[in-house]
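Student: I would like a close look at one part of this model, with its surroundings described in connected prose.

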Amino acid sequence: MNDHLHQPFKVKDGLELHFVNDIAIIVMNNGENRMNPAFVDDFNVLLDEVERNSSCKGLITTGRGKFYCNGIDLDWMKQNPQKLAEFLSQTNKFIIRLLLFPVPTLAAINGHAFAGGAVMAIAHDLRVQSQNQGWLCLNEVFINLRFERGLVSLMRTKVGGGHLFTDAAVLGKRYTGPEALKSGLVHAAPPMSLMLAESIQLLKSFYGKSGYPRKSLQLMKSDVFRDALDLFKTFSNEMANSFTAKL
């Protein structure tokens, strides 16, 4: 999907930032693209570059290979239990930053997006998933983990209520691209060869010629997701305790 992208503007340990006209594209190219402190720090550096580019009107994130993002780096957690609470707080701030990013965002889900990787995709404004590769799945129930309350509120707002929320968040259903499209979790499910082109086209269909006023868009997002943000701010130790119990 990304083979025709030219030389990246910036590279940070398996993360690449490209600018294609007025759209920023962050490509994750580090195997399973699991989230650990280095991943989040490096991703934030690239997000800083996107925000500094005043001509940028949209952001796409995607991966190379079989994975979009396979969630939290469990191996890192096992080796650093004393840093767990700090890291989970860092990850929450990262998800909030994506949620409130001042240009429209699109997750081009090229492969598997499990657990925290699915949450990361859901934090984007728009989602496109490959028609024929990978699952989108909130599989926390299968690995004995719990959702922090801010995430529950965010997912309920993004996913909706009823059986879809139960299927996705409670029962951890695995969605192929066509299934996710039918359920309304993603906006399109093109073949892999057209993923990037259709993602760019979809993103441009929202922001038009002039783009969104950044401050206005960010304020609108903060208003719409206010309940989730308030719960994120009261981040407690319950998630750290849940992860520690698993370790």
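How many disulfides does the structure hold? Please start from the cysteines and go on to the helices and strands.

Tutor: The model is predicted, and the structure holds zero disulfides. A disulfide is a covalent bond between the sulfur atoms of two cysteines. For Cys69, the nearest cysteine sulfur belongs to Cys137 and is 13 Å away, and Cys69 is in no disulfide; because a disulfide requires the two sulfur atoms to be within 2.5 Å, that separation rules out a bond between Cys69 and Cys137. Cys69 counts as buried because its relative accessibility is 0%, where the cut-off is under 20%. Cys56 is likewise buried, with a relative accessible area of 4%.

The strands give Cys69 and Cys137 their setting. Strand E5 spans 67-69 and strand E9 spans 136-137, and these are the edge strands, each pairing on one side only. They belong to an open sheet of three strands, in the order E5-E7-E9, in which the pairing is parallel. Between E5 and strand E7, which covers residues 112-114, the parallel pairing runs over two bridges, and Phe67 has His112 in E7 as its bridge partner.

A parallel pairing also joins strand E6, residues 105-109, to E8, here over four bridges. Within it, Leu106 has Leu126 as its bridge partner in E8. Strand E8, residues 126-129, is covered on both faces, since Leu126 and Val128 on one side and Arg127 and Gln129 on the other are all buried.

Turning to the helices, H1 runs over residues 37-52, and its 16 residues reach 23 Å from the first C-alpha to the last, which is close to the 22 Å expected at 1.5 Å a residue. At the start of H1, a side-chain oxygen of Asn36 comes to within 3.2 Å of the backbone nitrogen of Ala38. The buried residues of H1 are Pro37, Phe39, Val40, Asp42, Phe43, Asn44, Leu46, Leu47, Glu49 and Val50, a list that holds Asp42, Asn44 and Glu49 as well as Phe39 and Phe43.

One of these buried residues, Val40, is in contact with Thr91. Thr91 lies in helix H3, residues 84-99, and counts as buried because its relative accessibility is 8%, again with the cut-off at under 20%. Leaving aside neighbours within four places in sequence, Thr91 is in contact with Met35 and Ile72 in addition to Val40.

Methods: Residues are numbered from 1 along each chain as its sequence is written. This is a predicted model: local features need pLDDT of at least 70, side-chain atom pairs count only at pLDDT 80 or more; totals for chains, interfaces and linings use all residues. Side-chain values use heavy atoms; hydrogens and water are left out. Buried means under 20% relative accessible area, exposed over 50%, partly exposed in between (1.4 Å probe, protein chains only). Two strands pair if DSSP finds at least two bridges between them. Contact means heavy atoms within 4.5 Å. The expected span of a helix is 1.5 Å times one less than its number of residues. A polar contact is a pair of N or O atoms within 3.5 Å; within protein, one must be able to donate a hydrogen and the other to accept it, and residues adjacent in sequence count only if both atoms are side-chain atoms.
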